[in-house]
Each structure stands twice: as C-alpha cells, then as structure tokens.
Amino acid sequence: MEQHKNEFERHKQVWANCLQIIKDNISPDNYRTWFAPIVPVRLHDNVLTIEVPTAFFYEYLEENFIDLLRVTLRRELGIAAKLEYSVRVVTGAPSLKYPAQNKTELRNRNIPYPNPGMRNAGEIINPFAIPGLKKLEIDPQLNPNYNFGNFIEGECNRLVRSAGLTIAQDPGGTAFNPFFIHGNSGLGKTHLAQAIGIDIKEKHPEKIVLYVDANRFQTQYIDAAIKKNNVQDFLYFYQMIDVLILDDIHEFASQTKTQATFFHIFNCLHQSGKQLILTSDKAPAELQGMEERLLSRFKWGLSAELKAPDLNTRIAILKNKIYNDGIVINERVIEYLASNIKNNVRELEGTLVSLLAQSTLNKKEITIELASEMLGKLVVDSPKRKVTIQEIQKVVCGYFSISPDLIASKTRKREIVQTRQIIMYLSKLYTEYSLSTIGAQVGGKDHTTVLHACKTIRDLIDTNKAFKAHIKELEKQFN
Ligand code: ADP
Ligand code: MG
C-alpha cells in the first residue's frame with residue numbers, strides 16, 4: 001500500500017527535487033513567476049508532465065529555461081528523461097492546436113491553446129488592469145481624430161497609407177505582419193497607426209484592438225513585475241488582443257526585460273495570426289540597444305518609412321486643419337507657413353495654432369507679418385535665408401530690368417513705386433530686418449510706407465493672377 005502510494009506520488013517528488021535545483025539557479029523573481037505556478041501532473045515511462053497556465057508560459061520556459069530543465073530532469077530520471085507540457089484548459093474555451101517548436105530533445109506534443117482568459121465568447125477573466133478598461137470591453141485607446149479621413153495623402157506617405165488600408169481590410173491576414181512604420185518625429189506615425197486601428201474597429205467591430213505606447217507598456221510591465229503574480233495577468237491580457245498597436249518602440253532600447261516580454265507577446269500573437277503594428281523613429285536596421293531576435297522579427301512583415309511631406313502636401317494638411325476648425329485664413333499665409341516649416345507636421349500645426357491664438361488674443365489680423373513674427377519665435381532652426389535687402393533689390397531690379405539707382409531716387413513713377421514695394425515686401429518676408437531698416441534701405445522711406453507696401457503687394461497677389469506669378473517667380477530665387 002505504502003509502496004503504491006509512493007509510486008502514485010512520485011511525480012510530485014521528482015518535480016520537487018527539480019525545483020530545489022532550479023531555485024538555486026535562477027532569481028527569486030523568475031522562480032516565483034515561472035516555476036511556482038507549475039503543477040506536476042504525472043510521471044510515466046520517464047516522461048514527466050507538468051501543467052502550465054498558458055501556452056505563453058510554455059513558450060517562455062522553452063525559450064529561457066530549457067537547459068536548466070533538461071539538466072535537472074536528467075539528474076532525476078536519467079538520460080531518457082522527457083518533459084511534456086499540458087496547458088490548463090479554461091472550460092468552454094475554443095481549443096486550438098498549438099504548434100510544437102520541437103527545437104529541443106525534450107518532447108513537446110501539440111498543446112491545446114486555450115484562448116487565454118476567455119471563458120465564453122467575449123467574456124474576459126482577469127483582464128490586466130489599465131485604468132478605463134471595462135471588464136467585457138477593452139477600450140482600444142484610440143483618438144477618433146486620428147483617422148484616415150484626416151490623414152492627407154502625399155508622395156511621402158503613399159506606401160504606408162495604402163499598406164495601412166490593406167491591413168484594415170484583413171488584419172493579421174496579409175503579409176504585412178508586423179507592419180513596422182518608421183520615420184522622424186512629427187511625421188504622422190502615431191496618427192497613421194491609430195487610423196489603421198480605427199478603420200479595423202469600423203470594419204471588424206468584434207476585433208479587440210489596443211493602442212499602447214511603448215512607455216506605457218513598459219510601466220504596466222514593471223508594475224506587474226513588482227506585484228506578485230501580476231506578470232501572468234499582464235501576459236494574459238496582451239494575449240487576448242487581436243490587433244496590437246505599439247507606438248514608439250525605440251523607447252524599448254536597452255530595456256532588456258521589457259524587450260524579452262514583448263518578444264514573447266509578439267511571438268504568441270504572430271503565431272495565432274494576430275496583427276501587430278509597430279512604430280519607431282528609426283528603421284529596424286538602425287535601432288540601437290535592441291535584441292537581435294526582436295529586430296529580426298520586425299523584418300518579417302513590412303517595414304515602411306513616413307517621409308517629410310512636400311510643399312503641396314503641407315499646404316493640404318494646413319487647409320484640412322483649418323477647414324476642420326472652421327476658420328478662414330488667407331491662402332498666402334498658409335503658403336507662407338507651409339514653405340517655411342518643412343520637416344515636421346506637428347510643428348507646422350503648432351505654429352498655425354499659435355498664430356490663431358496670437359491673432360485672437362491681440363486682436364491682430366492673421367497676416368504674413370504676424371506669421372513671420374511667430375516663426376521667428378517658434379522655429380528654432382529658422383528657415384529664413386541669409387539674404388540681404390541689397391540682394392533682394394538686385395534680383396527684383398534685374399527681373400524688371402530697372403536700374404537700382406532709380407529705387408534710391410525720389411521718382412514717383414508708378415512702375416518704380418511698385419518695384420520698391422515689391423522689394424520691401426520680399427525683404428520683410430525673407431530677412432529679419434525691421435520695417436524701419438527696410439524702409440531706410442529701400443528709397444529712404446519710413447516704416448509706415450513699408451507696412452503700406454506689404455499690404456498693397458498682398459492685395460495685388462490676391463487679386464491679380466499675373467502679378468502673383470511674377471512674385472512667385474521672384475520668390476524662387478530666395479527659396
Ligand atoms: P509622430 O507620431 O510621427 O511623431 P504624429 O502622428 O503625432 O507624428 O503627427 C504629428 C501631427 O501631425 C499630428 O497632429 C498629426 O495629425 C499631424 N499629421 C502628420 N501627418 C499628417 C498627414 N499626412 N495628414 C494630416 N495630419 C498629419
Ligand atoms: Mg508619435
């Protein structure tokens with residue numbers, strides 16, 4: 001009887017002996033997280049079966065502790081020792097086959113993959129707590145303004161945008177998985193990644209979509225790691241997602257634990273055909289401080305760059321914003337802003353907002369002068385050319401075949417007056433000089449004359465197409 005009981009309980013003893021060794025070889029944290037929850041199930045012909053909470057768990061063990069497991073198990077059971085995993089099945093959960101990795105001598109059978117945390121369709125047990133998350137519904141954390149409708153198409157974003165639309169048709173079902181969007185700051189990565197999420201939610205409302213930025217993911221993970229057993233909840237939660245949008249993944253640089261955790265979530269989701277959308281300020285090949293295995297995963301799908309928009313796209317972006325905000329602004333001002341802020345859409349929009357605020361607060365009309373004043377303040381790397389008033393004078397006089405001496409003379413001939421005004425206008429636009437300096441240098445006039453000149457030229461540009469064409473032609477020389 002005693003003998004029989006011992007036989008019956010032997011798997012527990014064997015596993016307990018293994019744990020003794022394992023405990024001495026890994027950190028207490030790892031032990032608590034990855035080994036304490038394991039339950040030995042049976043021992044049969046040198047095959048020890050252990051039960052793990054999720055398929056992810058099994059993967060994690062395989063990836064990180066397989067050598068340790070092999071050594072300890074062989075010590076207990078000899079060279080023929082084998083390990084088998086069984087995943088705790090949640091009642092009523094759909095039972096999917098989990099492909100065995102088969103990369104070790106230890107035997108892995110197909111493991112049923114319970115849809116983690118799901119009891120009945122839609123019912124979620126134990127979601128990882130994000131403030132604002134309800135039990136049955138996961139708030140995708142998407143900003144409704146960041147939709148495709150508001151995302152202006154241009155040469156700079158055509159590929160990324162159309163790949164995004166394709167993914168939204170069939171998330172997880174295209175070759176674009178993961179979809180890796182990279183590009184400099186302020187070029188629309190977050191906007192586009194969210195637009196894909198919004199589109200997916202519209203087309204496939206049943207899909208669980210989640211947007212999270214890398215810093216938040218990391219904070220959640222660290223919080224989970226310090227609280228006992230919460231890492232499992234964290235993992236459960238992320239394994240439920242159908243479309244995971246992880247923004248600014250470059251923030252994971254040198255965060256090895258977060259990277260490892262993300263690596264496993266990535267594998268788990270990717271293997272079950274879930275869509276991953278990642279953004280970064282660098283291309284995968286240029287990301288520093290990232291694990292090679294993670295980088296190689298990024299290259300599995302499509303990696304595409306968002307580039308800086310060209311002038312027409314910048315103008316269209318501003319117009320769209322103005323239209324959405326219900327404001328009217330002179331076209332020249334829009335063009336002026338768009339031609340001066342080239343490399344960052346966020347900055348472009350920011351300047352527009354400041355301009356509106358300035359004009360409202362100070363009851364000033366929105367003019368190019370006000371805009372250039374703003375730019376002087378806002379744009380650190382001022383795009384204004386280092387052109388002098390004399391150079392402008394030379395170019396304008398050359399263009400209209402007028403002798404520069406006439407500009408300085410007292411003549412009030414109409415064509416000379418207008419040439420002076422154009423020089424003043426362009427000097428205001430393309431130099432940092434004050435109105436009085438410009439006036440003094442262009443025919444010895446005072447600042448009110450320059451102000452009047454700027455207004456006259458602007459009006460002419462707005463009303464006279466041929467005149468506008470001349471000015472554009474002249475401006476090319478300074479751009
Ligand atoms: P990133 O994440 O690359 O730093 P964002 O997505 O935050 O950039 O974009 C910065 C701002 O520029 C956002 O307000 C966004 O709506 C806007 N933006 C960028 N590209 C476009 C575009 N093509 N059309 C409309 N708005 C854009
Ligand atoms: Mg962003």
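A polar contact is taken here as a pair of N or O atoms within 3.5 Å. In the structure, which is a predicted model, local features require pLDDT of at least 70 and side-chain atom pairs count only at pLDDT 80 or more, whereas totals for chains, interfaces and linings use all residues. Residues are numbered from 1 along each chain as its sequence is written, chains are lettered from A and ligands numbered from 1 in the order in which they are written, and side-chain values use heavy atoms, with hydrogens and water left out.

Ligand 1 is surrounded by 17 residues (each with a heavy atom within 4 Å), of which Gly186, Thr190, His191, Arg346 and Glu349 come nearest. A side-chain N or O atom of Thr190 is placed 2.8 Å from an oxygen atom of the ligand. A backbone N or O atom of Gly186 lies 2.7 Å from a ligand oxygen atom, and a polar side-chain atom of Glu349 lies 2.8 Å from an oxygen atom of ligand 1. Of the 560 Å² of accessible area that ligand 1 has on its own, the protein covers 91% (Shrake-Rupley method, 1.4 Å probe).

The largest nonpolar core (buried Ala, Val, Leu, Ile, Met, Phe, Trp, Tyr and Cys residues joined through side-chain atoms within 4.5 Å; buried denotes under 20% relative accessible area, with a 1.4 Å probe and protein chains only) has 62 residues, and Phe35 and Phe262 have the most contacts inside it. Helix α9 (residues 256-271; a DSSP run of H or I, at least four residues) supplies the largest share of this core, 6 residues. A second, separate core of 47 residues includes Tyr336, Ile422, Tyr430 and Phe467.

How values were computed. Buried < 20%, exposed > 50% of the residue type's maximum accessible area, 1.4 Å probe, protein only. Helix = DSSP H or I, 4+ residues; strand = E, 2+ residues; numbered from the N terminus. Polar contact = N/O pair within 3.5 Å; in protein donor to acceptor, adjacent residues only side chain to side chain.
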